[in-house]
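Colleague: I am new to this model and would be grateful for a close look at one part of it, the region where the two chains come together. Please set it in the context of its surroundings as well.

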Amino acid sequence: MGVPTAPIVTLKFENLVKTYAYKKGMPNKRFTFVPHPIAGTTAEKCREYLLANDPVTGKPVLKEIIDAITMPLSKEDSETGSIERPSERLVAPDTEENLHQLFLENGWTDGLPIVLPTEARVKEMLQGTSRDPNEIVGKMQPSSPHELWSYTVEKVAVNAVMAGARPEHFPVILALASTGMTSLSTSTTSFAAMVVVNGPIRNEIKMNSGIGALGPFNQANAVIGRAWTLLSINLSASGKVGETYMGSQGNNLNYNNVCFAENEEELPEGWKPFHVQQGFKPEESTVSTFIGWGFTHPDQSMEKAFVPQIPFWLKFVSPFSSTTLLLDPNITHQLKNSEGFNSKEQLIEWIQKNCKVKVGDWLDEYYAVQNFVLPMGRMGQEPIAKWMKLPRDEYIPQFSSNSKITILSVGGGTNLFWQAGDFSYNSSASIDEWR
Amino acid sequence: MNRHISNIILRILYGMFMVLALTNVSRAVEPDKITVYNPLGQPPAIQKVPMAPRIMSLDGKTVYLVDIGFSATHQLLTELQDILKEKYPKTKWELRTKIGTYFNDDPELWKEIKEKGHAMIMAVGH
C-alpha cells in the first residue's frame with residue numbers, strides 16, 4: 001500500500017507474526033508488542049500497557065510505535081527479489097533409531113511413533129493409486145492468511161506410510177489431501193476436524209460404521225484419520241505451535257479427526273447417505289470434511305418423543321456455529337417409524353424452524369457472534385442486519401439456514417445414546433478419481 | 001617341500017577366513033543405515049517486499065490508527081490516540097475501525113489512508 005505502518009501485537013503472537021512477516025517478504029517488519037490479552041481488559045489497563053515497556057524488547061511502547069513509522073529504512077528493508085525454499089526428496093541415511101528421533105525432533109509427527117517412509121514402503125503405497133507419483137494433488141495452508149504449500153502424490157504416500165496406512169487406504173487419503181483442507185487450523189479456539197467416508201469403498205477397505213465406529217477398533221478408521229493430521233503437519237506446515245498453531249488448549253480429537261464411515265446400510269428407507277445429499281451417486285465413493293470443536297452426548301428422556309427435545313439439547317451450540325448430529329440407527333428408525341420423519345431433509349427443516357435464540361442473548365452472550373457475525377451485520381449483510389434491529393426479547397433462528405445442519409448415521413444400534421456437536425460441513429471429494 | 005607349501009596355503013586360507021569372520025562381526029555390531037523420504041511439502045518462494053519509506057517528522061502529518069475489529073482493540077486505540085494527541089499536538093491522529101471481521105478487506109479505508117494519511121498504526125489480535 002506504500003504507507004509506513006506500525007503494527008501492535010499482543011505478546012502471545014510474537015513467533016506467529018515474526019515468521020509470518022518473513023514468509024510474506026518483510027522480515028524486518030517493525031512490530032510493537034503489548035501484554036496479552038487485550039480482550040477483557042479495562043481502559044486503565046490498556047493505558048498502562050501503552051505507557052510501559054514492550055515485553056519483548058524492553059523498550060518503551062510509545063517510542064517503538066513512533067520509531068516504526070519515522071526511523072529510516074536499512075538497505076535490507078528495501079530489498080526485492082525472491083528466496084527459493086526447495087523441498088528435499090530424501091533424508092540423509094541413518095539408523096532407524098536416529099531417524100525416528102529426527103522425525104520427532106523436526107516436528108514431522110503427531111508425537112506418536114510413526115512407520116518410517118522407506119523407499120520400499122512408499123513404492124508399495126503408490127501401488128494403491130494409478131496416479132503419477134509426481135502429480136500435484138493440491139495446496140494446503142494452516143488458515144487463510146498463511147502461505148499455501150503444494151504436494152505431490154508421492155509426498156502424500158510418504159505421510160500415508162508414516163500414519164500406518166495400507167495401499168488400499170491410499171485413494172481415500174489422496175482424496176482427503178485433494179480437498180486442501182487442514183485438520184489443524186491456526187485459530188486460538190482449538191478447532192477439531194472430522195472426516196466421513198461414504199460409498200462402496202467403506203466396505204472394500206473394511207471401515208467401521210457400526211458398533212464402536214468412533215473408537216479405536218478399526219485399522220482403516222484409525223490410519224485414515226491419523227494420516228490427515230500428518231498431511232496437515234507436513235504438507236502445509238500446520239500445527240507448528242506458536243507459529244501456525246495457536247489453539248489455546250488444543251483438541252484431543254485432532255489425533256484421529258473423528259474418522260468414520262457413515263452407516264448407510266442402516267439408514268431408514270428414504271433417508272439418503274450424506275454423499276448423495278451432496279449430489280454424488282450412491283455407487284460413488286467420497287470423503288467429506290468438517291470443522292468444529294466437539295461433541296456431547298445429550299441425555300434425552302426415552303419416555304418422550306425424540307424430536308421435540310432437540311432444541312433443548314442443542315442450546316449449547318453457539319448460534320455462530322453449525323450443528324452435526326451423529327445419530328445411532330436405533331434413533332433414525334425411531335424418527336422414521338414413530339415420529340414420521342421420512343428423510344434427513346425433513347428433520348433438518350424441523351430443527352432449523354424450531355431451534356431459536358433470543359435476540360438479547362444473541363447480541364450479548366456469544367464471543368464469536370460479537371467478533372464474526374455482528375460486524376457483517378454492520379456491513380449490511382442480511383439477515384444479520386435485520387436481526388440486529390429486532391427487540392431483544394424476539395427470537396431468531398439458532399441456525400440461519402438448513403445448510404448449517406448435518407445429519408449422519410453411525411453406530412451399531414446397541415443404545416439410544418447419540419452425539420450432537422458444533423461441526424460445520426466443509427467439502428466432499430471423489431475417492432474414485434484417486435484410485 | 002609339498003607339505004611346506006600346503007602349510008603356507010593353509011595358513012593363508014586361515015588368515016583370509018579370520019579377516020572375513022572379523023569383518024562380518026564388525027558388520028553385525030554396526031547398526032545398518034537406511035534411506036527414507038522427507039515428508040515435507042513444497043513451500044512457495046518468498047517474494048521480498050520493500051517496506052514503505054518512513055516519514056522523517058510527525059509535524060503536520062496525519063497518522064491513522066486502525067482498529068481491525070477484535071474485542072477491546074478500539075479501547076486500546078482510543079487510549080493511544082489520547083496519549084499521542086497530548087504528546088504530539090502538531091500531528092493529526094485519526095482513529096478508524098476496519099469494516100467487517102478481521103477476515104474482510106476494506107479497500108475504501110485503505111484508499112482514504114493512502115490519499116489523506118502519511119502513516120498508520122494498526123492493532124491488535126486478542
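Modeller: The account below begins with the contact between the chains and then turns to the rest of chain A.

This is a predicted model, in which local features need pLDDT of at least 70 and side-chain atom pairs count only at pLDDT 80 or more, while totals for chains, interfaces and linings use all residues. Residues are numbered from 1 along each chain as its sequence is written, and chains are lettered from A and ligands numbered from 1 in the order in which they are written.

The contact between the chains takes 76 residues from chain A and 53 residues from chain B; two residues are in contact if their C-beta atoms, placed from the backbone, lie within 7 Å. On the side of chain A that touches chain B, strand 1 of chain A gives the most, with six residues. By class, that side of chain A has 40 nonpolar, 22 polar and 14 charged residues. Here Ala, Val, Leu, Ile, Met, Phe, Trp, Tyr, Cys and Pro count as nonpolar, Asp, Glu, Lys and Arg as charged, and the others, Gly among them, as polar.

Both chains contribute to an open sheet of five strands, in the order 2(A)-1(A)-5(B)-3(B)-4(B), with parallel pairing. Helices (H or I, at least four residues) and strands (E, at least two) are DSSP runs, numbered from the N terminus, and two strands pair if DSSP finds at least two bridges between them. Strand 2 (32-34) of chain A and strand 4 (92-97) of chain B are the edge strands, each pairing on one side only. From one strand to the next, the twist averages 20 degrees. Within chain B, strand 3 (residues 62-67) runs parallel to strand 4 and is joined to strand 4 by six bridges. One of the pairs is formed by V63(B) and its bridge partner in strand 4 of chain B, W93(B).

Helix 3 (residues 61-70) of chain A lies across this sheet, over strand 1 (5-10) and strand 2 of chain A together with strand 3 and strand 5 (119-123) of chain B. Helix 3 of chain A runs at about 155 degrees to strand 2 of chain A. Axes are lines fitted to C-alpha atoms, for helices over the stretch in contact, and angles run from 0 to 180 degrees between N-to-C directions.

A second pairing between the chains joins strand 4 (residues 90-94) of chain A to strand 1 (residues 34-37) of chain B, in the antiparallel sense, over three bridges. In this pairing, L90(A) stands opposite Y37(B) of strand 1 of chain B.

Helices also meet across the chains. Helix 2 (residues 43-51) of chain A and helix 2 (residues 73-87) of chain B have axes that come within 9 Å and cross at roughly 55 degrees. Helix 2 of chain A is therefore oblique to helix 2 of chain B, given that angles under 35 degrees count as roughly parallel, over 145 as roughly antiparallel, 65 to 115 as roughly perpendicular and the rest as oblique. The crossing of helix 2 of chain A and helix 2 of chain B is right-handed (a crossing is left-handed if the near helix is turned anticlockwise from the far one by less than a right angle, and right-handed if clockwise). From helix 2 of chain A, A43(A), C46(A), R47(A) and L50(A) meet Q75(B), L76(B), E79(B), L80(B) and I83(B) in helix 2 of chain B. This contact of helix 2 of chain A with helix 2 of chain B has six nonpolar, one polar and two charged residues.

The remainder concerns chain A. Its domain assignment gives domain 1 (8-78), domain 2 (96-294 + 426-434) and domain 3 (357-397); such bounds come from an automatic or database domain assignment. The centres of domain 2 and domain 3 of chain A, taken over C-alpha atoms, are separated by 36 Å.

In chain A, helix 6 (residues 153-163) and helix 7 (residues 170-178) have axes that come within 10 Å and cross at roughly 120 degrees. The crossing of helix 6 and helix 7 of chain A is right-handed. V153(A), V156(A), A157(A) and A160(A) of helix 6 make the contact with F170(A), I173(A), L174(A) and A177(A) of helix 7. The residues of this contact of helix 6 with helix 7 of chain A divide into eight nonpolar, no polar and no charged.
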